[in-house]
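Q: Could you take me on a close look at the ligand site of this protein, and at how the chain around it is arranged? I would enjoy one connected walk-through.

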Amino acid sequence: MKAIRFHATGGPEVLKLEDLEAPQPPARHVRVRLAAIGVNFIEVYQRTGLYTVPLPATPGGEGAGTVVAVGPDVTTLAVGDRVASFNLQGAYAEEALVAEDRAVRVPDGVDLRQAAAAMLQGMTAHYLAKSTRPLRPGDSCLVHAAAGGVGLLLIQIAKACGARVFGTVSTEEKAELARGAGADQVILYTKADFEAEVRKATSGHGVQVVYDSVGATTWEKSLNCLAPLGMLVLFGQSSGVVPPFSPALLAQKGSLFLTRPTLVHYAADRKSLEWRAGEILRGVADGTLKLRLEHDFPLARAADAHRDLEGRKTTGKVLLIP
Ligand code: NDP
């Protein structure tokens, strides 16, 4: 089978298409022939070496496809089942293994491309809005990179929870998309001071939650956007790592809360995986959750997918198609 591998960390060019043996599924695992593979920022962090992975590595965890082989002791899946997961083992490939208890069935009304697109970013948006600091009517929140993969989904879920949603984006085209997803006010943080804009729009009070995946360039002003007792949810660092700072800053700025969550812990057990994936995939099926799928690349062009994602050229989901 064809798979992308990198033997050393570096720029997008380290991602090469190679011929590998299709892996035999061990106990309680299945092998999936992938119809679509999700590209996520974590794979950029792994490729550059910000997050360490054993090398050589096939990146990727997210995808959807059809079960083609079943290992010993598998009880819930069979050859031919349509499944999706964000825990595939080396998803940038024609086929990949997944533990049976980390895959979910793709319901009728959701195609495999949609399922691949919805799993990781959808479940992330779900836990951010519904679990990390559950949003309620009357809350205001700020979503950075609002036209990105997580961003567009987080806006929709936050609005469904009844919150007022501010979004930041880098271009007017992205602003249009964030408004289309339901954002009440969108700020071009490349042109305007988002802290001043949020303060003005909230009569100086600030927002209850800031969802910050941009990191280095935004985190400090994000703290300044919060109302007393508000929460900074720092869940990524697309612009670079946040430097160390004193916890006393949180007291000075209003007894603030800071968390650095990851989906790993919010979908660790089967029950939370089924709850979050179930709500996201049902939302896609009934049209209440809209996906933006405008950036498909052939598997062989994984490097170009990374270039565009890192280069702020994409909106919504980036997919690789084997
Ligand atoms: P996005 O589609 O959001 O792409 C990243 C966006 O970040 C860009 O489009 C860009 O939007 C913005 N950005 C701002 N500054 C920079 C910069 N210097 N370089 C690159 N991008 C920049 O990606 P994803 O939806 O895949 O991921 C969003 C974030 O969420 C990532 O940081 C990722 O690590 C994190 N994440 C965290 C998870 C968790 O559980 N903790 C799970 C999933 C994702 P603009 O041009 O509008 O500024």
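A: Here is a walk from the ligand outwards to the domains, ending at one lysine. This is a predicted model, in which local features need pLDDT of at least 70 and side-chain atom pairs count only at pLDDT 80 or more, while totals for chains, interfaces and linings use all residues. Residues are numbered from 1 along each chain as its sequence is written, and side-chain values use heavy atoms, with hydrogens and water left out.

Let's start at the ligand. There are 28 residues around it, and Tyr127, Ser170, Lys174, Tyr189 and Arg312 come nearest (a residue is near if one of its heavy atoms lies within 4 Å of the molecule). Tyr189 places a polar side-chain atom 2.4 Å from an oxygen atom of the ligand. For Tyr127, an N or O atom in the side chain is 2.7 Å from a ligand oxygen, and for Arg312 the distance from a side-chain N or O atom to an oxygen atom of the ligand is 2.7 Å. Of the 910 Å² of accessible area that the ligand has on its own, the protein covers 91% (areas by the Shrake-Rupley method with a 1.4 Å probe).

Now the shell as a whole. By class, the shell has 13 nonpolar, eleven polar and four charged residues; here Ala, Val, Leu, Ile, Met, Phe, Trp, Tyr, Cys and Pro count as nonpolar, Asp, Glu, Lys and Arg as charged, and the others, Gly among them, as polar. At least two shell residues come from each of α1 (41-48), α2 (112-132), α3 (149-160) and α10, and α2 gives the largest share, four residues. Helices here are DSSP runs (H or I, at least four residues) and strands likewise (E, at least two), numbered from the N terminus.

Stepping back, the domain assignment gives domain 1 (2-119 + 267-321) and domain 2 (136-260), with bounds from an automatic or database assignment. Their centres, taken over C-alpha atoms, are 28 Å apart. The contact between them takes 14 residues from domain 1 and 18 residues from domain 2 (contact means heavy atoms within 4.5 Å). Each domain also supplies at least three residues to the shell around the ligand.

Finally, Lys317 sits in the loop between α10 (302-310) and β15 (318-321). Lys317 is buried, with a relative accessible area of 3% (buried is under 20%, exposed over 50%, partly exposed in between, with a 1.4 Å probe and protein chains only). Its side chain makes a polar contact of 2.7 Å with that of Glu62 (a pair of N or O atoms within 3.5 Å; within protein, one must be able to donate a hydrogen and the other to accept it, and residues adjacent in sequence count only if both atoms are side-chain atoms).
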